[in-house]
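Dear colleague,

I am handing over the structure below, and after it you will find some notes on what turned up when I went through the model. Please read them alongside the coordinates.

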Amino acid sequence: MLKQVSVTLISTDQDFEKTEMSLFLLLTFLLLGPDNGGCNYEVIPTFTPHITAIMKMPVDNEEQLIVNWTTSAMVYEAEVNIIFQIQISRTEVTNTIHTSNYTTVLTKNNTVLTWNWESEIPLECTSHFIRIRRNLNDTKWSDWSPWKANSGIDTSNATKTILFPRGTKVARNGSAVYFCCVAGKDERVTSMSVHYKSYPLIHISNRTKAIKVEYDKPETYGYDIGCSATKTNAVPSMLFFINPPDVPHNLTCETRDIKEVTCTWRAWQEAKNSNSDKETIYSLYEGLLQKVGSCQKESCSFKVTPGQNVYNLTLKAKNKVGRAEAHLNMDITHRVHPVDLSEVSNNGVGPRTVNLSWFLKANYSSLGLVCQTNITTDNGDQKLQNHSFEGRLDSHSYTVTVDGLHPYTNNTVSIHCASSEHFWKWNSWSKAFSFRTQEDAPSVGPDVWRQIKRSPQGRNVTLYWKYSNNSETNGPVLFYNITRTSQGGVTLVEPVVRVNWKEFSIDHNAHTITVRAFNSAGGSPSSILNIPADIGMAGETIEAQQINGNAEGFNISWQQDLKVTCGYTVEWCDQAGAKTCDLQWKKFPSHTNSAFITSATFTAGKRYTFNVHVCRSDGDILLEKKVGYTQELAPSEMPWVTTQEDSSSVTLEWTFDDNNEMLPGFIKGYCVYIAKKYKEAAHSIAPNYSNFTIDNPSKKQLTVTDLQPSTDYNITVAAFTAAGRGREHFLTVRTRSDSVLMSKLGVVFLVSVLVALIVVMCAWQYRRILKKLGLLICSSSTSGNIRALQWDSSIFEISKIVQSIEPEDSTYCKIEIVEPKKEKEELLPTPSSEFKSENEVTVPHTAWTYCLNKASAPGETENVDFKDLTRSVEFANLSYFPDRKLLGSQESDPQNASTPTNLSPIQMDITLDYVSNTS
C-alpha cells in the first residue's frame, strides 16, 4: 500500500533557506531509505516559489513584464528538471489573461529565475497580477504563490488624461497595435481617434479604454492618435508602420593602407523620414560576435589586428520591428585598394620618352603593384602602358620611363595603381599634367607633286609639296632643299623658305627632282619625283568621263595599268572655277584601282575635274580624266534663240555653250514649248500648245510644223540638267500668210462679183415678171386652208391667220419687195373681186407686218400682242381692212384707224414672212 506523505512548511523569510535544507534531507531519507515493513513512501515536496520582483522595461520597441523568483535551495543542489507555471491577470486577479509553463534545470549558479512576458496593451494602462507554482520531476504541483501586483496608472490619483504608448510608436507593417487611454481621476474616456477618425473603444477598466489599430501599408509621415476624456484631452501620440530591415546587399570590405578595413553595403529599404525611431541601426561583428569599429548609415570601419589577415565578419541590421544580418569572410591582402597618388612629376623629357615619378603614402612592402600610365596627345591619340613594381614604404617614390612617344608633341599624362598579386581595384587617376616632347629630324620626306605646262622654250613646272599632318615633321620646318637633275647630269640645288611650291622651267628631256625638309634637329629623307620626257599632245587627247558624286564626295575608279611601278596619283582643284586652283592630290598604291575623294570645300553646282596619273619607272603619266558634281543644279544661263517662219512652220535655232565648265550641271538636252498666243488660242478647238524634249545637248535646231498661217505663237527654249530646267528664252513669232490660197480666193471672189453683176442686170430687166412669179408661188393653196396673200386685205388679218399655225408644222417663205415707195402702183396690184367688201376703204396709210418671237401655246387666244413684234416695214397707199378684234378699242372707221402705237416703224425694204401648213 502506497502512502503519500505531504509536508507543508510555513516559515519566515529569515529561516526559509535553513528550513528547506532540513526538509531536503528528510526527503532524501524517505525516497532512498530501505523498505520498512514492506511499505513504500513517496514524498512530494510542496515548496512554493517566491516571487522576488516584477519589473516592466522596453525591449525592442515593446514593453515587457520581467518576473524574478527563487525556490528551495535543496532543489538547486539536486540539479533536477523543474517546471514552473505562471499566470497573469489583468485589472483584477480573477481576470486571468495568460498562462504558460517555464521549464529549466536548476543549478547552483542560477538561483534567481527570470521570465519575460510581452503585453499587447501597454503595462501602464492597468494593473497586472502574477503568481507562480512549480512541479518537480512531473510530480504534484505546488501551491500557487501569492499574487504579485504591478500597478497601473488607473489606480493612481492622477488628474490628467494620459495616452499610452506615449510619443512615437513604430510597428511592423501588417501588425496590430493597441493604444490605451487612462482618464484622470473622476473622469472617463469619451473617444479615441486615428488621424481624427473615431475608433471603437475596448473596455479595460473604469478609467482605461483602448483601441486596436491595424494597417498594412507603410506611411512615411505616420498617424496621429488622439484621446478625449470628459474634462481633459491626452497629449497625442504618433504611429508609424514600417518594414523590418532587409539583409544588407553587396557587403564588401577592403583596405587602402593595410591599417584599417572599411566595409560598405547597400540598404534597399530605408525609411524616408529622418525620425531616429524609424532608422535602421547597423553593427559589425568579427569572429565570435565581437563588435568591432563604428558604423555609419552604409559603412563600417575597424582597425586591422597586426598579424591577422583573415576576418570572419557579420553585419547586423536592426530597427524597431526586426533584424537582419549578412556575413563575409575575407583576406585583407586580397582586398587592397591602394591610396591615391601624390607628388606626380616629370623628371625629364626626350623626343620619344618621358620620366615620371610619384608617391603612395602607405606601406605596401609586402605587396606587388602594377601602375598604368595614360598619355593623350593633342589630336586625341591615347597610349596606355602598364608598369610593375615591388611595393615600397610610404617614404619611397615610384619612378618609370615611358617610351614610344612622338617628337614635338603636346601630351597629358595621368597614372593609377592596383595590387598585382590579387587584383582588386585601381585607385583614382592622378591629376593630369602636360608636357611636350623634344624635336627630332622629320621621319618621312614631304609628299611631292607637280603641274606641267608647255612653253615655247620647253615646259613650265610648278612643284608642290606637303605633309599630311604636322606630326610627320617632328618639329617646325625651317626650309626645304630642292634638287633638280637633268638627263644630261646637271644638278641644281635651291633652298625654299616659308612656302610649299616652286616654279621653274625645264627642257623637253626627262628630269629628276628631290625635295628634303629640315628642322632644328636635322633633315628628312629625300622625296623623289621623276618628270618623263615630253610626249607631245598625247595626254590632251584623253576624253573626260562623267561621274556622279554625293554630298560626301566622289567614288573614282580607273583601269589598272600594266606598266605601273609606283602607284597612282589623283589630282583635282579644291576651288573649282576659282582663279586660284588650290591643287590637291592623293597617292595610292599600285594594287589599288578605286578611291573615295572627299573635301570640306566641295560645293553643290561646281564641276570638279579629277586627273588620274599612273606612276611608271620614268615618271607620272596621265591615265584617265573624270568630271562630276557632288550635286547638280538647274542651269542659270538661257539659250539664245533665232527663228525662221513659214506659213505652217517655224524653224528654231539657238546657241548654248553646253561644255562650259562653269555650268552647275551636265546639260542633258533642251526643252522647247510652243503655244498659240492667248487670244487666238482661246477660240481654237485643236490643242493650243506643244512640248518638245531634245535629249541630245549638241542638237540645237528644231522645226515645228502643222502651224496655222498668220498666227502668233509664244515660244520658250531652255536647257536642262539632271536637276531640272534652267532659265527660259521667251519670244513670240507670227507665221506668214498663205499666198497661193489668197490668190485662189482672189480669183473666186472676182468671178463671184462678175456673176452677181450679170444676175442683177438681168433681174432688173425682168423684175416685173419675177414679182408676179413670187406672188403666184406664195399665193398657192396649202393644206392649212390659207388663202393667197391679198395685198389689199388687212395685213393684221393675214398675220392673225399665220399666227394660228403651229411652228413645228410649218415652213417659212420669204418675199422681198424692192423700192416700195417709188413704184407703189406696180408693187400692189388691184385686188380681185373676191377680196372686195362693202366696208373696203382705200386710203394712203402705213401698213405693218411683224414676226412673233414665240409661237402661241395650245389653248391660248389668237390675239396679237404687239409687244412681241420684232420688226416692221412701212407701206404706203395700201387698202386697209379695219378689224376691231385686232385693234382692240379702235373705231371701225378706216379713216380714223391708226397704226398701233406700240410699234416703232422704220422706212425700209419690204420683207413679209408667212407660214404655210405642210402637214
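Two strands are taken to pair if DSSP finds at least two bridges between them. The model is a predicted one, and in it nine bridges join β34 to strand β35 (residues 458–466), the two running antiparallel. One of the bridges can be placed by residue, since S455 has G458 in β35 as its bridge partner.

These two strands belong to an open sheet of three, in the order β34-β35-β38, with antiparallel pairing. Because β34 (447–455) and β38 (501–506) each have a single partner strand, they stand at the edges, and one side of each is left without a neighbour in the sheet. On average, neighbouring strands of this sheet are turned by 20° against each other, direction ignored.

Turning to the aromatic side chains, a search of the whole structure finds 22 aromatic pairs. In one of them, Y464 and W585 are tilted, with 6.3 Å from centre to centre and 50° between the planes. This pair links distant parts of the chain, as Y464 lies in strand β35 and W585 in strand β45 (residues 583–588), 121 residues apart. Both Y464 and W585 are buried. Elsewhere, ring pairs link F554, W572, F602, Y608 and F610 into a cluster.

Finally, there are charged groups placed over rings: the charged end of K316 sits over the ring of Y285, 4.9 Å from its centre, and that of R436 sits over the ring of Y408, 4.7 Å from the centre of that ring.

With best regards

Note on methods:
Residues numbered from 1 in each chain as written. Predicted model: local features only at pLDDT ≥ 70, side-chain atom pairs only at ≥ 80, totals over all residues. Heavy atoms only, no water. Helix = DSSP H or I, 4+ residues; strand = E, 2+ residues; numbered from the N terminus. Axes fitted to C-alpha atoms, helices over the stretch in contact; angles between N-to-C directions. Phe/Tyr/Trp six-rings, centres within 6.5 Å; stacked < 30°, edge-to-face > 60°. Buried < 20%, exposed > 50% of the residue type's maximum accessible area, 1.4 Å probe, protein only. Lys NZ or Arg CZ within 6 Å of the ring centre and 35° of its normal.
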